[in-house]
Amino acid sequence: MNEVADVTIIGAGVIGAAIAAKVAQESRQVYVIEKNESFGMETSSRNSQVIHAGLYYPENSLKAKTCVEGNKLLYDLCRRFAIGHRNTGKIIVAVDSFECDALEDLLNKGRKNGVEDLRLLSRRELQSLEPNIAGVAALLSPSTGILNVHELIKMFLNQAKELGAQVVYKSEVTGVEKDNALYQIEVDSSGEKFLFETRVVINSAGLHADEVARMAGIDIAGAGYTLYYCKGEYYSVSWGKSRLIDRLVYPVPPAKLTGVGVHVTLDLDGRIRLGPSAQYIDEIDYHIDDSNKRQFYAEAKKLLPFLDYDDIEPEMVGIRPKLQKPGEGQKDFIIRHETDRGLPGLINLIGIESPGITASPAIADIVSDMVKQIL
Ligand SMILES: Cc1cc2nc3c(=O)[nH]c(=O)nc-3n(C[C@H](O)[C@H](O)[C@H](O)COP(=O)(O)OP(=O)(O)OC[C@H]3O[C@@H](n4cnc5c(N)ncnc54)[C@H](O)[C@@H]3O)c2cc1C
């Protein structure tokens with residue numbers, strides 16, 4: 001890399017990849033620097049793969065706006081580029097009459113966010129749509145679906161590469177230093193260090209985005225950029241029970257929204273999966289054992305009465321990069337051009353937890369507009 005790069009994107013998860021595809025359209029010299037040996041090996045491959053509708057998030061939040069917009073953009077991309085997906089729909093189920101008010105609240109919240117196709121279901125309607133689910137009422141979200149995230153990221157990166165972008169693996173960014181109008185990026189590539197210069201830096205480093213912001217000189221505690229890790233475990237359900245539901249099934253969300261509650265998703269082969277749970281941890285740790293199996297089973301059994309204890313097995317772990325500490329209220333995505341911190345040309349994306357996949361094409365549009373104003 002002898003010449004000065006126009007745009008350097010740190011991280012080849014779904015967010016960095018979506019941004020690369022978008023900014024490369026302006027035929028700039030774009031680099032994507034990824035520490036792992038391939039794309040999407042962290043949070044982007046450890047999640048529910050759901051195309052969310054956008055009903056949970058506070059009105060006018062970035063999460064709500066980018067999710068509702070991203071939902072439409074994502075279905076369009078999936079159809080155009082033959083990315084595996086299925087518009088399954090989802091039901092949020094009230095298991096007793098106390099939870100029915102919460103369904104109405106969610107309906108209103110969703111409508112305020114622009115999710116127009118939501119519909120309340122009576123017990124009878126729920127039974128006719130999903131005869132194997134227990135519940136007294138439900139909220140139907142027809143535009144929720146599932147997709148193959150690996151194929152999505154690959155498509156974004158292929159688009160970027162066709163437009164001239166370079167994706168560099170096994171290369172960890174270890175320094176970001178402002179040098180007059182440019183940034184000097186230090187990279188550790190399999191033990192060898194090298195430096196290059198770039199006009200714009202996009203920090204889409206997922207769980208490590210706060211560290212990258214710190215490298216650039218930002219006081220991350222003062223800025224509110226510190227990330228807290230929140231582990232989500234998944235359990236898979238035996239194949240024998242796989243065709244018993246057609247839609248994704250969610251509980252009424254818990255009052256303190258750490259996640260959306262242990263829910264029931266499907267993969268594209270029709271297999272049922274439970275999770276994710278939500279537990280704050282100090283270190284990134286993808287280990288899973290069956291110590292939470294009883295709790296998983298008890299929660300899932302409320303929605304899926306056909307489930308037996310032996311039907312479920314621990315499967316995998318994903319970790320949410322949360323901006324809120326345990327017990328704090330929800331926080332929004334941070335997508336910020338850091339001009340007022342004396343760092344023009346640096347764009348930070350911090351706390352891109354769910355619905356980050358759904359929101360990815362809309363986030364890429366926002367970042368691309370910022371880049372156009374810089375260059
Ligand atoms: C349990 C769970 C369930 C979820 N379910 C859904 C869902 O159903 N639907 C939905 O829309 N969203 C969901 N999400 C959210 C979604 O998975 C994330 O928002 C999204 O994957 C974040 O993508 P990313 O590119 O920001 O991060 P990542 O995928 O983590 O990518 C960041 C990349 O940056 C690289 N990197 C980090 N530091 C450096 C460095 N210094 N140098 C070079 N490279 C670096 C990493 O190696 C990594 O590849 C879920 C998240 C979790 C945890």
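Two residues count as being in contact here when heavy atoms of theirs lie within 4.5 Å. With that in hand, let's look at this predicted model, a protein chain whose assignment gives two parts, domain 1 and domain 2. By that rule, 13 residues of domain 1 are in contact with 12 residues of domain 2. There's also a ligand, and the protein buries 98% of the area that the ligand exposes when taken alone.

**How the chain is divided**

- Domain 1 is pieced together from residues 5-46, 150-226 and 330-374.
- Domain 2 takes in residues 90-142 and 228-322, so says the domain assignment, which is automatic or comes from a database.
- Measuring from C-alpha centre to C-alpha centre, you'd cover 32 Å to get from domain 1 to domain 2.

**Where the domains meet**

- People often describe the size of an interface by the accessible area that is lost when the parts come together.
- For domain 1 and domain 2, that buried area is about 1,100 Å², with carbon and sulfur atoms giving 57% of it.
- Over on the domain 1 side, the residues that lose the most area to domain 2 are Arg 46, Leu 207 and Glu 353. Together, these three make up 57% of what that side buries.
- What kinds of residues does domain 1 use to touch domain 2? That side divides into 7 polar, 4 charged and 2 nonpolar residues.

**Links across the interface**

- The rule finds 1 salt bridge across the interface of domain 1 and domain 2.
- Lys 322 and Glu 353 form a salt bridge, and their closest N and O atoms are 2.4 Å apart.
- You'll also find 2 residue pairs in polar contact across the interface of the two domains.

**Around the ligand**

- There are 38 residues around the ligand, and the ones that come nearest are Glu 34, Ser 44, Val 50, Ile 352 and Thr 358.
- A polar backbone atom of Ile 15 sits 3.1 Å from an oxygen atom of the ligand.
- Asn 36 brings in its side chain instead, with an N or O atom 3.1 Å from a ligand oxygen.
- Glu 42 has a side-chain N or O atom 3.4 Å from an oxygen atom of the ligand.
- Taken alone, the ligand would expose 1,000 Å², and 98% of that is buried by the protein.

Note on methods: Residues numbered from 1 in each chain as written. Predicted model: local features only at pLDDT ≥ 70, side-chain atom pairs only at ≥ 80, totals over all residues. Heavy atoms only, no water. Buried area = accessible area lost by both parts, 1.4 Å probe. Salt bridge = Lys/Arg side-chain N within 4 Å of Asp/Glu carboxyl O. Polar contact = N/O pair within 3.5 Å; in protein donor to acceptor, adjacent residues only side chain to side chain. Nonpolar A, V, L, I, M, F, W, Y, C, P; charged D, E, K, R; others polar. Near = heavy atom within 4 Å. Areas by Shrake-Rupley, 256 points an atom, 1.4 Å probe, with all protein chains shown as cover.
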